Amino acid sequence: MAGKVAIIRRGICDFDAKVYNAQQAGAIAVIIVNNVASPSTIFPGGDSIVDGVPVTITIPSVMISKADGDPLIASGASLQASFTPLMNDYAGTTENRLRLYAPDTLSDGSSVSHWSPDVDPNLLMEPFINPSLDRHLDLTLTQMKDIGWQVNDIPFPYLTYSTWKSSVFTSSDILTNFTDDPDRDGVNNLEEYFFGNLPKTPDAGKLPTFRFTLGIGQLVFTRSKLTTDLSYRLEKSTDLTSFGPAIEGVDYAITSTRSLSNDAEEVTLSVLNPPATLYLRLRIVSN
């Protein structure tokens, strides 16, 4: 497959597995041919999980209809194909405006409360059928506000670091940048914002802790409910030298999310099948 475009029929194998295996075989792109008479859908590359292992898909892929794909397969291996990227547009957008999923003929799961299915990770906001929603990209609140809904369940005005900073600091305060630590408790402002702590009062005791409950190792931390620009990622290591992503359902499970107040919650992550030596790192990431 080196240097060639792979044409693969849709079937029982996951799309990510198809594209990743073609990539490993040297293919430069993948065309997936639908096996049913339904609209074609684009599947961009990106991070994924294949056979339980995190992988990165770097080659482009596209799904075409059965009507278009059958003649390609019937033509044999002598076809010439090329992919031209759209340099000025993001997947799922038109002129960088995010598209809603509202097909003219209603299909299952479609409504104006769903985003375009063209993006990766998924934005369709149905976690039971779209496992890639674990990337914390839920745009529900923003979309509801954009189409005119009044949001009454946000007790405080900050949803980004910038607006949080303006609510907890005054114009005379210094050390207000996200790397600063004005209360000298070893926790910088960005961490105070994410964990729901106070930036001007020492409260390092609210940082993540590790405990054992009935012999099960658990990572427990408090976080703000109001941050829409940050999320977390759990990473693991056995030597403190190389860290890799910890996979939910394989390496850990979210045991509970307990509400502490209108603006804070306690999250408990339980370790699954740990090795003899295990180090965990909670990384704060930008959405």
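**Exercise 1. Classify Asp-70 in this predicted model: buried, exposed or partly exposed?**

Step 1. Take the relative accessible area of Asp-70, which is 23%.
Step 2. Recall the cut-offs: buried is under 20%, exposed is over 50%, and partly exposed lies in between.
Step 3. Asp-70 is therefore partly exposed.

**Exercise 2. Find which side chain meets Asp-70 in a salt bridge, and state where the two partners sit.**

Step 1. The partner is Arg-9, at 3.0 Å from N to O.
Step 2. Asp-70 belongs to helix H2 (residues 66–74), while Arg-9 belongs to strand S1. The two are 61 residues apart, so the pair links distant parts of the chain.
Step 3. Arg-9 has 39% relative accessibility and counts as partly exposed.

**Exercise 3. Analyse the salt bridge of Asp-251 with Lys-236.**

Step 1. The closest N and O atoms are 2.9 Å apart.
Step 2. Locate both ends. Asp-251 lies in the loop between strand S11 (244–245) and strand S12 (252–259), and Lys-236 lies in strand S10 (residues 230–237). The pair therefore ties together parts that are 15 residues apart in sequence.
Step 3. Check burial. Asp-251 is buried, at a relative accessible area of 15%. Lys-236 is partly exposed, at 30%.

**Exercise 4. Describe the salt bridge of Arg-258 and Glu-266, then name the network that shared partners build.**

Step 1. The side chains of Arg-258 and Glu-266 meet at 3.2 Å, N to O.
Step 2. Arg-258 counts as partly exposed at 45% relative accessibility. Glu-266 counts as buried at 16%.
Step 3. Salt bridges with shared partners join Arg-9, Lys-66 and Asp-70 into one network.
Step 4. For the total, the structure holds eight salt bridges.

**Exercise 5. Work out the order of the open sheet of three strands and what packs on it.**

Step 1. The order is S1-S2-S5, with parallel pairing.
Step 2. S1 (5–9) and S5 (61–64) are the edge strands, each pairing on one side only.
Step 3. On average, neighbouring strands of this sheet are turned by 20° against each other, direction ignored.
Step 4. Helix H1 (residues 15–24) packs on the sheet and touches S1, S2 and S5. The direction of H1 makes about 140° with that of S2.
Step 5. Five bridges join S1 to S2 (residues 29–33). Ile-7 stands opposite Ile-31 in S2.

**Exercise 6. Decide what is the nearest side chain of opposite charge to Lys-18.**

Step 1. Lys-18 is found in helix H1.
Step 2. Lys-18 is buried yet has no salt bridge.
Step 3. The nearest side chain of opposite charge is Asp-14, 8.5 Å away. The salt-bridge cut-off is 4 Å.
Step 4. Beyond its neighbours within four places in sequence, Lys-18 has contacts including Ile-8, Arg-9 and Ile-32.

Technical notes. Residues numbered from 1 in each chain as written. Predicted model: local features only at pLDDT ≥ 70, side-chain atom pairs only at ≥ 80, totals over all residues. Heavy atoms only, no water. Pairing = 2+ DSSP bridges. Helix = DSSP H or I, 4+ residues; strand = E, 2+ residues; numbered from the N terminus. Axes fitted to C-alpha atoms, helices over the stretch in contact; angles between N-to-C directions. Contact = heavy atoms within 4.5 Å. Buried < 20%, exposed > 50% of the residue type's maximum accessible area, 1.4 Å probe, protein only. Lys, Arg positive; Asp, Glu negative; His and termini not counted.
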